[in-house]
Amino acid sequence: MKNYGSVIFLLLMVTGCSVSGGSVNQDDQLKVRNVPTHESQVIDKEIEFTIKLTHPESKEVIYSFLPSLNPDENDDEELKQLAKELSLKFDQPMVPSKLDNNGKLINGVSRVILDEEKLVTMINNVKALDKEMDLPLEITAPNVTEEAIKSIEEIVIGSYKTSFNPGVTGRTENISLSANAINQIVLGPGDRFYFNLVVGERTTARGYQKAMEIVDKEFVEGIGGGICQTSSTLFNAVDNAGLDIIELHSHSRSIGYVPKGRDATVSWNGPDFKFMNNKDYPVMIKTFVNKSSGTIEVQVTAAKNSTKRV
């Protein structure tokens, strides 16, 4: 699903001009001369164009500025910086949908991308009598529905199991918490999964405990140690299911719970594990943690009828 925000151009005369009830700051005015009218006359006065960028859903004004109608007067570097700043405000990765314990679908959060290059081109090509333009903002919602995910647990299309020492309580709890965070995540065709985004920050307030982790090739104690076993088990299950790996990083030294090169290290504000559902049907992530025997299994499931179409 795509949606677009609006860019509204207001043509204002210098004398007595105002925007939304407030006066335009004279220091911010960019002045343009000799702009043709419909009657091919020439306005020998200075005019202003205030651009308002509004959020596509709330219609809240995010940013306002005064551009030049002469592309030669625009500074491309400044426009690129503006586009970058706006992308930081708008851009966000997709948070996938999830089934709760009662089997009800919890909607995720849309992926939002601002086309920075297109925005710069649009501003450079603005015309005097333009009233409005489409902000090149693409919003993609999670591609799942209640109807599409019926029987999504019928078959396993990929799985993987690893073992850990259940006697190390901190590590065991961290594996359990992170596994529960990704359990029953549902990905429709084209939907993306970002491990750090789904699991969230590993803090004591969220129940994560101290355990050993690898930092710069050394074992050190840190909050959330052990979650890389969850991400690595997930990677192998996803890879076995044939889903598209977007981002993958390995540890700086060998680990014992998966073969060399088959791990997926993650850290908050650092390396992430990302993948996409490249199938034409929805899939679901299932996790099973046995704290007594010390095992974690990740399965990728789907509806039997869906896979038969492939």
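Two strands pair if DSSP finds at least two bridges between them. In this predicted model, strand 15 and strand 19 (residues 274-276) meet that rule: they pair in the antiparallel sense over three bridges. One contact in that pairing joins Y194 to K274, its bridge partner in strand 19.

**The three-stranded sheet**

The sheet is open and has three strands, in the order 15-19-18, with antiparallel pairing. Strand 15 (192-194) and strand 18 (244-247) stand at the edges. Each has a single partner strand, so one side of each is left without a neighbour in the sheet. From one strand to the next, the twist averages 25°.

Helix 5 packs on this sheet. The helix touches strand 15, strand 18 and strand 19, and its direction makes about 140° with that of strand 18.

**Helix 5**

How many of the 15 residues of helix 5 are buried? The count is 13, so the helix is mostly covered; buried means under 20% relative accessible area. Its length also fits expectation. At 1.5 Å a residue, the 15 residues should span 21 Å, and the end C-alpha atoms are 21 Å apart, which agrees. After the helix comes G242, whose phi is positive, near 80°.

**Nonpolar cores**

The largest nonpolar core has 31 residues. F193, F195, L234, F275 and V300 touch the most other members. Helix 3 (169-182), strand 14 (185-187), helix 4 (195-199), helix 5 (227-241), strand 20 (283-290) and strand 21 (295-302) each give two or more residues to this core. Which element gives the largest share? Helix 5 does, with seven residues.

F193 shows how the parts meet. Leaving aside residues up to four places away in sequence, F193 touches P96, I182, I185, L187, V198, L234, F273, K274 and F275. Apart from the largest core lies another, of 13 residues, including L79, I123, L135 and I139.

**Salt bridges**

Side chains of opposite charge can pair when their charged atoms come close. The count here comes to seven salt bridges. Three of them, among the seven, are set out below.

| Lys | Glu | Closest N to O |
|---|---|---|
| K84 | E116 | 3.5 Å |
| K291 | E173 | 3.1 Å |
| K274 | E247 | 3.2 Å |

The K84 and E116 pair links distant parts of the chain. K84 is in helix 1 (residues 76-90) and E116 is in helix 2 (residues 116-124), 32 residues apart. K84 counts as partly exposed, at 39% relative accessibility. E116 counts as partly exposed at 22%.

K291 lies in the loop between strand 20 and strand 21, while E173 lies in helix 3. The pair therefore ties together parts that are 118 residues apart in sequence. K291 is partly exposed at 40% relative accessibility. E173 is partly exposed, with a relative accessible area of 22%.

The K274 and E247 pair sits within the sheet's strands: K274 lies in strand 19 and E247 in strand 18. Parts that are 27 residues apart in sequence are thus tied together. Is K274 buried or exposed? K274 is buried, because its relative accessible area is 18% and the cut-off for buried is under 20%. E247, at 22% relative accessibility, counts as partly exposed.

K274 recurs across these sections. The residue is the bridge partner of Y194, a contact of F193 and a salt-bridge partner of E247.

Terms used. Residues numbered from 1 in each chain as written. Predicted model: local features only at pLDDT ≥ 70, side-chain atom pairs only at ≥ 80, totals over all residues. Heavy atoms only, no water. Core = buried A, V, L, I, M, F, W, Y, C linked by side-chain atoms within 4.5 Å. Buried < 20%, exposed > 50% of the residue type's maximum accessible area, 1.4 Å probe, protein only. Helix = DSSP H or I, 4+ residues; strand = E, 2+ residues; numbered from the N terminus. Contact = heavy atoms within 4.5 Å. Expected span 1.5 Å × (residues − 1). Axes fitted to C-alpha atoms, helices over the stretch in contact; angles between N-to-C directions. Salt bridge = Lys/Arg side-chain N within 4 Å of Asp/Glu carboxyl O.
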